[in-house]
Every structure is written in structure tokens, then in C-alpha cells.
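User: I would like to go through some of the labels given to residues and helix pairs here, and to hear the reasoning behind each one.

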Amino acid sequence: MKIKVSNVNTPNWQEVSVKSHIPDELLKLSELANNIWWSWNYEASELFRDLNPTLWKETSHNPVLLLERMSYAELEALIQDKVIIRRMNDVYAKFRLYMDVKPDDTRPSVAYFSMEYGLHQILKIYSGGLGILAGDYLKEASDSNIDLCGVGFLYRYGYFAQSLSMDGQQIANYEAQNFGQLPIERVLDENGEHLVVDVPYMNYFVHANVWRVNVGRISLYLLDTDNDMNSQFDRPITHQLYGGDWENRLKQEILLGIGGILTLKRLGIKKDIYHCNEGHAALINVQRICDYVAEGLSYDQAIELVRASSLYTVHTPVPAGHDYFDEGLFGKYMGGYPALMGISWDDLMDLGRNNPGDKNERFCMSIFACNTSQEVNGVSWLHGKVSQEMFSTIWKGYFPEELHVGYVTNGVHFPTWSATEWKRVYARNFDENFIYDQSNPKIWQAIYNVPDAAIWKTRMELKKKLVDYIRIQFRETWLKNQGDPSRIVSLIDKINPNALLIGFARRFATYKRANLLFTDLERLSKIVNDPQHPVQFLFAGKAHPNDGAGQGLIKRIIEISRRPEFLGKIIFLENYDMHLARRLVSGVDIWMNTPTRPLEASGTSGEKALMNGVVNLSVLDGWWLEGYREGAGWALTEKRTYQNQDHQDQLDAATIYSLLETEIIPLYYARGDKEYSEGWVKTIKNSIAQIAPNYTMKRQLDDYYTKFYQKLGQRFKMLDADNHAKAKEMAAWKEEVVSKWDSIEVVSSQKSEELLQSSIESGTAYDITYVIDEKGLNDAVGLELVMTYIAADGKQHIYSVDPFNVVKREGNLYTFQLKKTVDTAGNFKVAYRMFPKNADLPHRQDFCYVKWFN
């Protein structure tokens, strides 16, 4: 017989998960590792670091993975280490003291929905500012003891890791997360089984696993479709953040909105307020309306309750930045919902259109969010104004400045973004209750009492930390993708902790103008090559994989940084993430931001820099328009000199060069006989004392309660009481007004001859009388005189709005009178506006019926 050379069958591999056995004496470490609280409490993170510093670095500061990779022998040895055991017990006692506090039930509870959350670099469920803000919000909600939960996605790949090719081209690498090695846990149902939420899509269901991240006292629930219960078409729904085509984006937003509400229902969680962080989660209000209708309410009654408990926060300053879906695609997945909501398909589409009835208009998530939320806000004072303009076409009949769209300027979570070195400075010199009263400007004034030498020492420690990090972290990467080893060694040697370090790190979108600094390379070369006053620029940031222009900016910076005159003076640091961000915002001297005004909705990286004695140089846009104080940083004016953007860019670049040459660099190096510049330290102190207290996340969260949550909670409670009695009453009242609105008529009017001739004198009082037939409505109509003027921007703006008084009623006839005086001479436009009035309306746009006449 012929013997075969080989005979091997295919093994049927069984996946076995070997978990680290934590000795009972160290179980406190495991509990601490599984709550993100350790990430903003340095005693906890330093404890984990000191268990095994090498492994801590290798695991990217992941305590769950750290404990898993430590050998049983190492863990057993820790039990004998009395110092470690004492530190563990001290940290755990602090943790339990924190965790055992009951939530504050005097403030409305909140369910918070966001597509991304930036909690720590090891949990890749964020891409940039929107996610970092959401993560900071949950951390501060925990610190402020708010009854809040979050809902988002557990992405298998998250946002991409960035590397660079030899020629400086961005390469996007998607690296799968191992969920078993993260500080997350599966949520169990009432039977102790893994909770799965079934979310309806067309005529089938998508099955989402539910995970929980413990963010201090806050639970963040994350949905995950990458499981065997789903088809190959639906498993990728939660693969990538901002990845895939528009159909996948719609499937994601259905999962976040409708699936998010179904998740909370399965968990038995009901909150007072439902807060959409951007329009991605707007469909929460579809499911909430369905739920109320299923209880027996009509659509009109249900929308009263949903609106009264909904807040939509917009972060986008231009209409093109919102999500729009073609009617065919939207109908493919959402076609069955109108019947469950008690409305028609056209009704649902119109809720997402600027112009209801326009079949050519796509469904916009942001418009739908505006139409189904009582309150809407931008994320800075200026962005609030921009948002009023952007959304003004939704509420026709009112001018942008009259709209209810408000603002809360973004802040940052102080314990996360303030370096440990600065926390210790603040702890030694500030009031002992500082951490609980971070927004109190009086407390921050104590920075003026800190010796200048101590401020400078802290700054230099953090600069050295940044430079050491760059030298160690990027050496291998640069050798791999930048070729010539001798040039890399030279580059690393040239990074100078004694130089003036200027940082620019953010998303590489074209409006951020990362290339502005390179408008005049000859002038820039003179600035960075002065041996007596060295200056170095550090750049970092990712461009979206589909943003060719943004990737082109990165490539251009890389090319310039490799020129001999800029080698080691212009440095690009790849793969910008939270860890690199923490090093940069605490290690540079100047934080530079140069957006095209007014496209920076808020921006928060400069606020993080504030907390670390880093001074801002920025365009007066977003938060810096409010934050800038003379002597506490530098600003480029918010006013445009040129309509041509290229000309404006050249002017702004020249302004930056001039500020550097005549103010910033001379001040930094004005040292006299000291190691530091007294003027520079004074600028740092001014920045901390005068600006920082206004930009903490605590201030932001308190603002949300003061401006929105409290009034939403109170009004919802009023509408919901006694089996939704007031909601039913308001719906019935609106239905009656709608049925009679078109028949309401002006019976007569009386005006002076001057008004009729459109020629009046300033300072003179004029009487105006209207008699209106309300057609059976009971004093449900208001009337006002609206005067406008044409401003320098060519737009029509409100000059004054004067309400009429009802002076007589005869049956359905109401007599309205107004005595009007105009104080200023000039050209104005005048019209009379009629509107529905009811003391229980939150604002006019809640019931936006308007009739104009002369």
C-alpha cells in the first residue's frame, strides 16, 4: 500500500476565555478598575500605574487589561506589599464614600443620548469634540450627583487610528476592540440573562446587546449589533463611528433613537427630561410618541408631553452639517411608524422639513428635533445667534432674534483635563471646597497669591513631560514612516522644552484653517529660527477619511515640516487621541485656534488648556468671543475686513505673525535676571483667575438646569398630572384654534392720518385700534405692532414689538388698543402680527400660527 505523506484533519478550535483570578484581598482593585471614576481621580490611576509601570504603559492605562495580564504570582506578591494594600484601601474608601451618596431628587432627572462619548482613550467610542463634551458631561453629572443616564453605541472599531505614509498621506486604520478587556459589563435582564433589545427595522428586527459603562455614579448604556443574531447587513451598524453610507447612517440613528428608548423601557428607566446631544438621536421622539399613543392618547396629546420633556442641543453652525435623508430611503425603514404615531406619512415627513408639503425636500433630523422639542440650544452665545438664523425658516412669522433658541456655552470637566501637577497647586492654595464650587470666580482669585516661581516650575515640569512623551512615543513611528534615521534623530534632539511651544490640535476640517500659519513661509522661518528666542509649533489632528481637503492640509504641513528651515520647528504628531490631548493642553505655552468666523460653534480644547496655565491665541469665535480678557491671552477680531476669504486669510495670518513678533515672543523671553518672565506669569495668572471659572463643566451643567431642565421639568409635570389632564386640555385648545384660525377676521381699524400716510414724528404718541372677530375663541388671540429696520448687514431686524391691550369685548368681537411712540427718527417698516395666546404655552414657537396685516 502507498503511504500518504500526511494525514491531518482540521481542528475544531474552541475559544476559551481565561480570566485573571484576582485574590480576595485584591478584589477592591477589580471593582475600582470597572468604574471609569479612576480616570479622573489621580490617586486611583497612580495606584494602578504603580502595580506595574511597564505593563500600565503597554496597556494604554487600562486597569482591566493590566489586572488581566498580571501573573497570579505578581498578584499574590501584591498582597504582601503593605504600602500598596494601604493605598488600595484608602482609594477604595474614597470611592465608596463617593458612590454611596444618593442622587439629588430635587432636580429633574435626565436621559442623555449621544452618538459618541469621550471617556478615556482605551474606550474607542468617540472621534472628537462632540464625544469629549458628552463624556465630560457624564463625569460632571456624576460629580454633581445628578439622576442621569446616558445612551450610545459600543463600536467594534470606533473611529480610526491615524498613521502617515512616507509622503505624509493620512492612513486610516480601524482596529477592533476586545470588549472583554474594557471597563464595561453586559447588562442582565430580570432572569439573569444577557439583555438583548429587539429594534424594529422594516419587517424584521435588529438585535442589540446592551452594555454598561460605570461612569462614577452614572450608568452609560451602549448598544452593540455585532453579534450572531444579526445578518451580515446589520452587524456593521455599530462597527464604525461616522462610517459607512447614508443607509447605514440612518440605521444607526434608528438604533440610537428608537432602540435607545426601547432599551430604557426594558430597563424600567423613565426620566423627566430627554436630551438629544446633536440630531443623531432625534428619533427618540418618534418612539416616545408611539408609546403615548399606545397608551390611548391622540398624536396631538402625545406631542404635548414629548415636546415638554425634550431638549435638543445643536453643535453645527451650518445647515449642510445636518443629516438629511431622501424620502425613499427614509420610508424604507420608517414607513410603518406614522400609523403607530396616529398621523400620515406626509405628516411625519413634514416634521423634518423646512417647508411642509414640499415633496422635493429631504427629511432633516435636526428640523425634526426642533419640531418635537420644546427647547433648543446652541453651544456658545455666538452659536446661539447663528442657530437662530439657521433655524429661522422653521418658525416663519418670527425674526431670528425672537426665537426661543437659546445657548449654553460648553465647558470642560476640570478633574479630567487639569494635570495632576496643577490639581496639587490648586489644592494647596484654593479653598478646601473648591472642587464642589469650581465656578466660583472668588476662589480662583487665590492664584494671584501663588508665587511666580511655583507657577513657572509647574509649567516647566509639564513642558518637560510633553517633550519626553514625544521623544519616547513618536521615535519608533517616525523612523518607520519618515525614512532617513539621521533626520529623525536630529528632529528629536531639536525638540526644546525651553522654547516657546505653540500647540494646534483639533479635527482637520478646512474651516479650522490649520494652514493659516503657512501663508508667508519666509516670515514664519524668521520667527522659528531666531536662536535667542526659539519657537516651535506642534500640530495634531485627524481628517475624516472622506474629507480629501482636510487630508490635504495634513499632507501640506508634513511637507513643510520636512524642509530644512522647519525641521524640528514644525512638528506633526499623529493619531491625536485623549492621551495625546492631555499632554498637549498641559504642556505647550500657547494654544492656537484659527477658525473661519463664525464656524466654530464653541471649541473646548482652549478651555482645557486654560486649566493648565496655557494661554490662548485665537480668533474671537465660539467660546473665546465670550472668554477673552485683555492681558489674559491674545485675540484676532471676530469682524471680517474682506468678503473674499483668501484676502481675509492673508490678513489673519499677518495678524498672527505680528502678535508673535511684537507681543508674544518678547513677553515670553522678557526674563531679566530671573529664570522666567514675570509678565508671562502674570498673563497665566490672569487667564486662570479671570477666565477659567467660567468654563468648567460644572458651570455648563448648572446652566442647563437653570436655563432648560428646571422649566422643562416643571412644565412636563404640570402637563402630565392627573392622567395627562393639562396635555389633553392644551391639545384640545390648539385643535380649536386651528379649526377657526383662517376664519378670524379684522372687523375694523382706526389709526391717525399720519400712520395711514406712513409719516410720523418721533416723540409723538399715536393711538391705534383694531376690532377682531375671534369666531368663538375665548380671548385666544394676541395682537402686536412690529417695527423693523434694515441693518448694515442688509437684513431686516426687529426695532420694537409692542403688544395691544384688549379694552372691550362684545360677544366674539375684541377691541385691541395701543398708544405708540417712536423715539428715534429714521426709516422703518411696520406691520401688525396676530398670534394665538395661552398662558400655558412655553413660547410662541410651540404653536407657530401667525397672521400679518396692515
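User: What makes the pairing of the side chains of Asn377 and Tyr704 a polar contact?

Analyst: In this predicted model, the side chain of Asn377 lies 3.0 Å from its partner on the side chain of Tyr704, and a polar contact asks for N or O atoms within 3.5 Å, one able to donate a hydrogen and the other to accept it. The pair is therefore counted as a polar contact.

User: Why is Asn377 called buried?

Analyst: The relative accessibility of Asn377 is 0%, and buried means under 20%, so the label applies. Asn377 is found in strand S13, residues 375–378. Not counting residues up to four places away in sequence, Asn377 touches Leu311, Tyr312, Thr313, Val314, Gly406, Tyr407, Val408, Tyr704 and Phe708.

User: How do you know whether Ser800 is buried or exposed?

Analyst: Ser800, which is found in strand S24 (residues 796–803), has a relative accessibility of 13%; because the limit for buried is under 20%, Ser800 counts as buried.

User: Which side chains make polar contacts with the side chain of Ser800?

Analyst: One polar contact, of 3.5 Å, is with the side chain of Asp802, and another, of 3.1 Å, joins Ser800 to the side chain of Lys820. Lys820 also appears, with Leu785, Val786 and Met787, among the residues in contact with Ser800 when its neighbours within four places in sequence are left aside.

User: Why are H21 and H26 described as roughly parallel?

Analyst: Helix H21 (residues 521–528) and helix H26 (residues 645–668) pack at an angle of about 20°, with their axes 11 Å apart. Angles under 35 degrees count as roughly parallel, and the pair is therefore described in that way. H21 passes H26 in a left-handed crossing, where Arg523, Leu524 and Ile527 of H21 meet Ala654, Tyr657, Ser658, Leu660, Glu661 and Ile665 of H26. By class, this contact has six nonpolar, one polar and two charged residues.

User: What term fits the angle at which H10 and H28 cross?

Analyst: The axes of helix H10 (residues 299–308) and helix H28 (residues 697–741) cross at roughly 150° and come within 8 Å; since angles over 145 degrees count as roughly antiparallel, that term fits the pair. The crossing of H10 with H28 is right-handed. On the H10 side, the contact is made by Asp300, Gln301, Glu304, Leu305, Arg307 and Ala308, while the residues of H28 include Leu712, Arg715, Phe716 and Asp720. The residues of this contact between H10 and H28 divide into eight nonpolar, two polar and eight charged.

User: What makes the phi of Ser60 worth pointing out?

Analyst: Most residues other than glycine have a negative phi. Phi of Ser60, however, is near 55°, a positive value in a residue other than glycine. Ser60 is found in the loop between helix H3 (53–58) and helix H4 (63–69), and with a relative accessible area of 39% Ser60 is partly exposed, because this value falls between the limits of 20% and 50%.

User: Why is Lys775 called partly exposed, and what is its phi?

Analyst: The relative accessibility of Lys775 is 28%, a value that also falls between 20% and 50%, so Lys775 counts as partly exposed. Its phi is positive, at about 60°, although Lys775 is not a glycine, and the residue lies in the loop between strand S22 (765–773) and strand S23 (781–790).

Technical notes
Residues are numbered from 1 along each chain as its sequence is written. This is a predicted model: local features need pLDDT of at least 70, side-chain atom pairs count only at pLDDT 80 or more; totals for chains, interfaces and linings use all residues. Side-chain values use heavy atoms; hydrogens and water are left out. Helices (H or I, at least four residues) and strands (E, at least two) are DSSP runs, numbered from the N terminus. Buried means under 20% relative accessible area, exposed over 50%, partly exposed in between (1.4 Å probe, protein chains only). Contact means heavy atoms within 4.5 Å. Axes are lines fitted to C-alpha atoms, for helices over the stretch in contact, and angles run from 0 to 180 degrees between N-to-C directions. Angles under 35 degrees count as roughly parallel, over 145 as roughly antiparallel, 65 to 115 as roughly perpendicular and the rest as oblique. A crossing is left-handed if the near helix is turned anticlockwise from the far one by less than a right angle, and right-handed if clockwise. Ala, Val, Leu, Ile, Met, Phe, Trp, Tyr, Cys and Pro count as nonpolar, Asp, Glu, Lys and Arg as charged, and the others, Gly among them, as polar.
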